[in-house]
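Me: Please take a close look at one salt bridge and the residues that form it. I would like the reasoning behind each exposure label, and then the setting in the rest of the chain.

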Amino acid sequence: MMIELPLASLALEEKLQLMESLWDDLCRQDNGIESPSWHEDLLAQRESAITQGTEQFTDWETAKRTIRNQLP
């Protein structure tokens with residue numbers, strides 16, 4: 001089933017609210033959808049890199065600032 005939404009006429013805030021509502025609904029439902037196998041592998045690689053000290057965490061505010069600074 002394809003649902004048509006008037007996305008072009010929605011304001012950015014309305015689009016973000018719509019996305020948040022969709023994610024909230026998906027999180028409340030347990031449809032038995034499993035993560036793909038590569039996901040576990042990638043998480044293990046990242047955890048190993050953190051443990052070995054070759055990668056580090058960045059707090060969310062710093063990460064957002066870095067991303068914004070990379071945008072044109």
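Reply: A residue is called buried when its relative accessible area is under 20%, exposed when that area is over 50%, and partly exposed in between. The model discussed here is predicted.

The pair to examine is arginine 28 with aspartate 25, a salt bridge whose closest N and O atoms are 3.8 Å apart. The cut-off for a salt bridge is a side-chain nitrogen of Lys or Arg within 4 Å of a carboxyl oxygen of Asp or Glu, so a separation of 3.8 Å qualifies. In general, side chains of opposite charge can pair when their charged atoms come close.

The sequence spacing fits the helix: arginine 28 and aspartate 25 are three residues apart in helix H1, so about one helical turn separates them. Their exposure labels differ. Aspartate 25 has a relative accessibility of 32% and is therefore partly exposed. Arginine 28, at 62%, counts as exposed.

Helix H1 covers residues 12-28 and also holds leucine 26. With a relative accessibility of 46%, leucine 26 counts as partly exposed. Leucine 26 belongs to a nonpolar surface patch together with Leu12, Leu16, Met19 and Trp23, and the accessible area of the patch is about 570 Å².

A search of the whole structure gives two salt bridges. Besides the pair in helix H1, glutamate 61 bridges to lysine 64, with 3.1 Å between the closest N and O atoms. Glutamate 61 and lysine 64 sit three residues apart in helix H3, which runs over residues 60-70, so they too are about one helical turn apart. The relative accessible area of glutamate 61 is 46%, which means partly exposed. Lysine 64, at 21%, is also partly exposed; the limit for a buried residue is under 20%.

Arginine 68 is another residue of helix H3. Its relative accessible area of 56% makes arginine 68 exposed. Computed along the sequence, arginine 68 and glutamate 20 are 48 residues apart, while their C-alpha atoms are 21 Å apart in space.

Now the chain as a whole. The protein chain contains three helices and zero strands, in the order α-α-α along the sequence. Its radius of gyration is 18 Å, whereas a compact globule of 72 residues would be near 11 Å. The C-alpha trace extends over about 50 × 40 × 20 Å along the principal axes. Of the 72 residues, 3% are buried. About 7,400 Å² of the chain is exposed, and 56% of that comes from carbon and sulfur atoms. The protein chain carries 6 positive and 14 negative charges, and the mean positions of these two sets lie 10 Å apart.

To return to the request, the bridge between arginine 28 and aspartate 25 is a contact within helix H1, formed by an exposed arginine and a partly exposed aspartate.

Key: Residues are numbered from 1 along each chain as its sequence is written. This is a predicted model: local features need pLDDT of at least 70, side-chain atom pairs count only at pLDDT 80 or more; totals for chains, interfaces and linings use all residues. Side-chain values use heavy atoms; hydrogens and water are left out. Helices (H or I, at least four residues) and strands (E, at least two) are DSSP runs, numbered from the N terminus. The radius of gyration is taken over C-alpha atoms; the globule rule is 2.2 Å times the number of residues to the power 0.38. Buried means under 20% relative accessible area, exposed over 50%, partly exposed in between (1.4 Å probe, protein chains only). Accessible areas come from the Shrake-Rupley method with a 1.4 Å probe; for residues, only the protein chains shown count as cover. Lys and Arg count as positive and Asp and Glu as negative; His and the chain ends are not counted. The place of a charge is taken as NZ of Lys, CZ of Arg, CG of Asp or CD of Glu. Patches are made of residues with over 30% relative accessible area and no salt bridge: like charges are joined within 9 Å, nonpolar side chains (Val, Leu, Ile, Met, Phe, Trp, Tyr) within 5 Å.
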